[in-house]
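Hi,

Here's the structure I promised to pass along. Have a look first, then read on for what turned up when I went through the charged side chains.

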Amino acid sequence: MNHFDLAYLAALPVLAPVVTYKRMRYGKYRESLPGMLGKRLPSPPFSPAGVERCWLHSVSVGETIAAGSIYKSLRHRELGWDFLATTTTETGQAQAKRTLEGAEAFAYAPADFSWTVRAFLDAYNPSLYCLFETEIWPNLLSQCGQRGIPVYLINGKVSDRSAERYARARALFRGPLSSIHRFFMQTEKDAERMARILGSDELVRVFGNVKFDALPTPLTVDERADIRGRWGAGEDTIVILAGSTHPGEEEIVLEAYRRARLTNPNALLVLAPRHPERFSPVAELLTRADMRVHRTSTGPNPGDADVVLLDEMGVLARSFGAAEIALVAGSWCPVGGHNLLEAGVHGIPVLRGPDMHSQPDIVRVLGPEQGAPEVSAEDLGDWLIRLCRDADERERLGQLAAKASNSNRGAAGKVVDAMLEDLAKSRR
């Protein structure tokens, strides 16, 4: 047992009631917690003999999408590797099984106790570990270092606040961070912050955001018609798809939609809450607001719904292609925004709120001048009224969004090239 283990144990009296409540109230952690505690490890363990096993770890849905772009790039090279995909959340696990289809094993990442990490590594025998964004767990990194498992941080991002915290605790994290071979960061700012944490920029490189390579392809005419048919949307229906909403945002979107429908009765709102445990509460909220609600999980909409509730996971990115207007939420509340490009790639206007602090690289690529206007909660209704009326403006903004969304692909290939080159050098 080490000082990190002791810190985790000291935090358990605070964390355990929160986990227990969420498990009982929302059904969270029922699948992931046993896996994280080492209750579902393979027996017998995977054999390491002659196998290059690449472990790709992502926390939840967003990071898993990034992992998918690296996975596809590695598969394309036909290296003969096995792949182990892990996540922390259950929604991430479901996404991983779609995005990393064909991987040899799927599991939940071990909780960062030294004994659970050792058991996990003994069971799966990875020969390479890729972690996405900034998922730094000291026991895991230290164990990889002790076993000679190369570690690469991919699509890294660090906020100013995190950089300050890590820099102050540099002595504590020096050992675990020294196990990481290379830090592949999203932006120059992220690279500067990581260099500040490390005290050096020697291992830090910038390749851009690999999520750009995981964007969906535009829908075919038949695919678009099929999705719209299931929503009950006719040829003249103007579909407004509000994706990844958080608490408080549904009310903002609903008020704007009510205003838009007064002058555009052919508008239809499709609403996709960010987290599955909120599907039913949001349905109840809409019903209390005197809206007829159709949940997509029940089958096709018979055509009488005021709001279609997209209560299925893993379908949002493609669903944007069946809409005329996208609202990307998490930006009308202090969450910091979500991936605008998933909507923009389909060539439709992308409206978002003022809070995009966690997506600076995406805002740089897809900003107000590129088809993604920043719209306040108060002005959202006016924007919807105008866009529902003006097909030419929708077309103009959509073309800008599509061009910007497709202009930054290629980061995944650059990351994989650099990683394979580094591996080859280190194993000579």
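A residue counts as buried when its relative accessible area is under 20%. Asp-306, at 6%, is therefore buried. Keep in mind that this is a predicted model.

Asp-306 has a partner: its side chain meets that of Arg-292 in a salt bridge, 3.1 Å from N to O. Arg-292 sits in the loop between α12 (279–288) and β10 (293–295), while Asp-306 is in the loop between β10 and β11 (307–309), so the bridge ties together parts 14 residues apart in sequence. Unlike Asp-306, which is buried, Arg-292 is partly exposed, with 49% relative accessibility.

Another pair to look at is Arg-193 with Asp-160, whose closest N and O atoms are 2.8 Å apart. This one links distant parts of the chain: Arg-193 belongs to helix α9 (residues 188–198) and Asp-160 to helix α7 (residues 160–168), 33 residues apart. Here the Arg is buried, at 15% relative accessible area, and Asp-160 is partly exposed at 40%. Both also belong to a network of salt bridges that takes in Asp-190 and Arg-196.

For a pair within one helix, try Glu-421 and Lys-425, a salt bridge with the closest N and O atoms 3.3 Å apart. They are four residues apart in helix α18 (residues 411–426), which means about one helical turn separates them. Glu-421 is partly exposed at 42%, and Lys-425 is partly exposed too, at 48%.

The full count comes to 23 salt bridges, so there's plenty left to browse.

Cheers

Key:
Residues are numbered from 1 along each chain as its sequence is written. This is a predicted model: local features need pLDDT of at least 70, side-chain atom pairs count only at pLDDT 80 or more; totals for chains, interfaces and linings use all residues. Side-chain values use heavy atoms; hydrogens and water are left out. A salt bridge is a side-chain nitrogen of Lys or Arg within 4 Å of a carboxyl oxygen of Asp or Glu. Helices (H or I, at least four residues) and strands (E, at least two) are DSSP runs, numbered from the N terminus. Buried means under 20% relative accessible area, exposed over 50%, partly exposed in between (1.4 Å probe, protein chains only).
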